[in-house]
Amino acid sequence: MEYTASPKPQLSSRANAFSIAALMSSGGSKEKEAAENTIKPLEQFVEKSSCPQPLAEPSLDSQADFGAGGGSPSSSSSLCTEPLIPTTPIIPSEEMAKIACSLETKELWDKFHELGTEMIITKSGRRMFPTIRVSFAGVDPEAKYIVLMDIVPVDNKRYRYAYHRSSWLVAGKADPPLPARLYVHPDSPFTGEQLLKQMVSFEKVKLTNNELDQHGHIILNSMHKYQPRVHIIKKKDHTASLLNLKSEEFRTFIFPETVFTAVTAYQNQLITKLKIDSNPFAKGFRDSSRLTDIERE
């Protein structure tokens with residue numbers, strides 16, 4: 001005697017609305033919407049500004065003004081992977097040519113550079129150490145400036161660490177480029193007077209390997225080499241917005257000693273040791289009670 005499986009009972013439209021599948025899908029969409037809204041308005045605007053579609057005009061004078069412009073970054077028709085500020089240097093105006101930028105803690109950067117600097121990237125985002133800190137000279141005390149940072153690939157290669165040689169070797173062609181992002185310093189715009197008196201620190205920059213990141217972190221590929229860049233843009237008096245970053249009056253500063261390889265775990269043990277010894281927040285790792293006799297020596 002043959003038995004046939006009875007058909008699944010059909011739910012009414014009202015019952016279907018309260019089914020587990022429906023509830024799970026609606027919950028997921030709410031979580032996704034909440035995640036999309038966590039990206040800061042300023043970072044939303046900068047990321048969208050690289051795309052060719054027309055933009056609203058959010059103000060750069062206060063964070064609050066950005067909320068109205070709004071819109072999640074997912075609304076862009078496509079992800080832009082080209083740097084938002086050109087990689088080829090442009091000839092600055094006479095006024096911008098006078099501006100100088102110095103890297104603070106250069107001695108520390110030099111120590112890491114000699115070993116081959118590595119920066120950890122994680123899904124949730126990891127802060128950089130050493131931190132990019134710069135000071136400016138030659139700015140107009142009466143003018144306003146926006147200070148930004150981005151990180152661009154050094155080349156189109158992928159690397160691997162050869163432990164027996166304690167060196168990085170080319171492992172092939174680079175992975176596909178990731179969405180380009182700029183980190184606008186949260187205290188921008190600065191007055192020239194402020195820039196002459198204080199150092200600008202990018203300690204809040206976070207690096208991630210999450211291509212779907214919605215928090216404004218800089219997205220990088222692991223085992224690739226990168227160059228951080230610092231940009232200063234003069235804020236025009238007649239407008240409160242940056243409609244096209246590539247047409248603005250700006251200077252770009254590059255410090256070769258800040259080149260690093262993005263990794264998900266440190267490859268060179270000397271880099272690990274130097275980070276522990278140099279980072280004031282790594283006190284727990286320097287606690288001698290946690291070290292073996294060999295490590296202590």
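**Group meeting: a small sheet and some ring pairs**

In strand E10, Ser201 is the bridge partner of Arg133. I start with that contact and work outwards. Please keep in mind that this is a predicted model.

Strand E10 covers 200-201, and its pairing with E4 is antiparallel, over 2 bridges. On to the other pairing of E4. Strand E4, residues 133-137, also pairs with E1, again in the antiparallel sense, and here there are 4 bridges. Within E4, Phe136 is the residue that stands opposite Cys101.

Put together, the 3 strands make an open sheet, and the order is E1-E4-E10, with antiparallel pairing. Which strands are at the edges? They are E1 and E10, each of which pairs on one side only.

Next, the faces of E1. This strand runs over residues 100-103. Cys101 and Leu103 make up its covered face, while Ala100 and Ser102 are on the uncovered one. So much for the sheet.

Now the aromatic rings. How many aromatic pairs does the structure hold? The count is 6. I will go through two of them.

One is Phe136 with Phe253, an edge-to-face pair with 6.3 Å from centre to centre and 70 degrees between the planes. What does this pair tie together? Phe136 belongs to strand E4 and Phe253 to strand E14, residues 250-254, so the contact joins parts of the chain that lie 117 residues apart in sequence. Both Phe136 and Phe253 are buried. Phe136 is also the residue I mentioned earlier, opposite Cys101.

The other pair is Tyr161 with Trp168, and this one is edge-to-face as well. Its centres are 5.2 Å apart, and the planes are at 65 degrees. Are these two residues buried or exposed? Tyr161 has a relative accessibility of 9%, so it counts as buried. For Trp168 the value is 16%, and because the cut-off for buried is under 20%, Trp168 counts as buried too. The pair does not stand alone: ring pairs link Tyr161, Tyr163 and Trp168 into a cluster.

One last ring, this time with a charge. Where does the charged end of Lys225 sit? It is placed over the ring of Tyr159, at 4.7 Å from the ring centre.

To recap, there is an open sheet in the order E1-E4-E10, a buried pair of Phe136 and Phe253, a cluster of Tyr161, Tyr163 and Trp168, and Lys225 over Tyr159. That is what I have for today.

Note on methods: Residues numbered from 1 in each chain as written. Predicted model: local features only at pLDDT ≥ 70, side-chain atom pairs only at ≥ 80, totals over all residues. Heavy atoms only, no water. Buried < 20%, exposed > 50% of the residue type's maximum accessible area, 1.4 Å probe, protein only. Pairing = 2+ DSSP bridges. Phe/Tyr/Trp six-rings, centres within 6.5 Å; stacked < 30°, edge-to-face > 60°. Lys NZ or Arg CZ within 6 Å of the ring centre and 35° of its normal.
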